[in-house]
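I opened my notebook for a friendly look through one model today. Two topics are on my list, the disulfides and the largest pocket.

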Amino acid sequence: NSLSSDDSSLYGVSCPTVTSCIAVDENGSALFWHSGRWSRPQPVGAGGTLTSVSCPSTTYCVALSAGGSAVTYGGQSWSLPASVGPEGSYKVSCPTVAFCATVGASGTVGAASTFGTFNGHSWSTQQTLGTGALDDRLMDVSCATRRFCVAVNLNGLTLTFDGQRWSTVPGTGPRGMISLSCPSTSFCLAVADSGAYATFDGRRWSAPSAIPGFGAVFAYSVSCSSTTRCTAIGLSGMAANWQQGRWSEPVRVFPGGYSATVAVSCASPDTCMAVNSKGDAAIY
């Protein structure tokens, strides 16, 4: 079910309910989707491209810009921007209105990445050491609760947050992890740019396996509405559902081939919103 967002490029989406979503775009604007209709783009004042948004409710969202600023939405308007870190590609996850976590891959490949948390009032962030390697980039974070967040790095590094501090998970996880979703404290599912996936039980990763039929479509975003249902989407515009350990056959959500960026958010097992950088939006 394709929908027109009337916008040139969409980089993030969050759906707190099956009838309400918010998407963010390259022009620094947010678009609200209610019951089948998109609003006009609304500038949020964060400065530059918005790369991610997370909405734990219909009246509260946090969005991050590529300039390293964060803004919050309180149901009527957006806050003034707060500095989170240097320029980068930021992702944010807010399990409640009083807590969010973020990671940001530096705009300079191989430079230090940003990671940190928000308590509803202020941000506390820090930088990784940065090895200079091309794959040393924190790409995504997902929080099941304010005491359980997981962040993944392209090089297989995994960070967890326990409500007090960030820690490195012993050993190396799957390489190329680019997106993950943690619906509970004992289950996360991550997808890798190779088209593989792996699960995390809070302590260790499973061995990576290929998403059947996905292959070279470059998995890019995943959203899990529960511990038994996830949806992954690739840059080819193909999407597949993971249900109780088995993947469905991929189907084309976006026509026209390769998209530069895609994101997906699932408010229920049967309702997901996907957006891409061509300005397309689709319910899947």
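Which hand does the disulfide of Cys-15 and Cys-21 have? I looked up the torsion about the S-S bond of Cys-15 and Cys-21, which is about 105°, so this disulfide is right-handed. I note here that the model is predicted.

**Entry 1: the link of Cys-15 and Cys-21**

I checked the distance next, and the sulfur atoms of Cys-15 and Cys-21 lie 2.1 Å apart. Then I asked myself whether these cysteines are buried or exposed. Cys-15 has a relative accessible area of 8%, so I put Cys-15 down as buried, the cut-off being under 20%. Cys-21 has a relative accessible area of 2%, and Cys-21 is therefore buried as well.

**Entry 2: other disulfides**

How many disulfides does the structure hold? I wrote down seven, and I followed up some of them here.

One of them joins Cys-182 to Cys-188, with 2.0 Å from S to S. I found a torsion of about 110° about the S-S bond of Cys-182 and Cys-188, so I noted this disulfide as right-handed. Cys-182 and Cys-188 are both buried.

I then turned to Cys-224 and Cys-230, which form a disulfide with their sulfur atoms 2.1 Å apart. The link of Cys-224 and Cys-230 is right-handed, with 100° about the S-S bond. Cys-224 has 9% relative accessibility and so counts as buried. Cys-230 counts as buried because its relative accessibility is 1%.

**Entry 3: the largest pocket**

How much space lies in the largest pocket? I noted about 1,000 Å³. The largest pocket is lined by 44 residues, and those closest to its centre are Val-13, Val-53, Ser-54, Val-92 and Ser-265.

Which strands supply at least two residues each to this lining? I listed β2 (10-17), β7 (50-57), β11 (88-96), β15 (138-145), β19 (177-184), β23 (219-226) and β28 (262-268). β28 gives the largest share of the lining, seven residues.

Last, I sorted the residues of the lining by kind. I have 25 nonpolar, 17 polar and two charged residues in the lining of the largest pocket.

**Entry 4: a short recap**

I keep three right-handed links on this page: Cys-15 with Cys-21, Cys-182 with Cys-188, and Cys-224 with Cys-230. For the largest pocket, I underlined β28 as the strand with the largest share of the lining.

Note on methods: Residues are numbered from 1 along each chain as its sequence is written. This is a predicted model: local features need pLDDT of at least 70, side-chain atom pairs count only at pLDDT 80 or more; totals for chains, interfaces and linings use all residues. Side-chain values use heavy atoms; hydrogens and water are left out. A disulfide is a pair of cysteine sulfur atoms within 2.5 Å. Buried means under 20% relative accessible area, exposed over 50%, partly exposed in between (1.4 Å probe, protein chains only). On a 1 Å grid over the protein atoms alone, a cavity is a set of points where a 1.4 Å probe fits but cannot get out, and a pocket is an open set with protein on both sides within 12 Å along at least five of seven lines; lining residues have an atom within 4 Å of a point. Grid points are joined across faces, edges and corners, and a volume is the space filled by probe spheres set on the points. Helices (H or I, at least four residues) and strands (E, at least two) are DSSP runs, numbered from the N terminus. Ala, Val, Leu, Ile, Met, Phe, Trp, Tyr, Cys and Pro count as nonpolar, Asp, Glu, Lys and Arg as charged, and the others, Gly among them, as polar.
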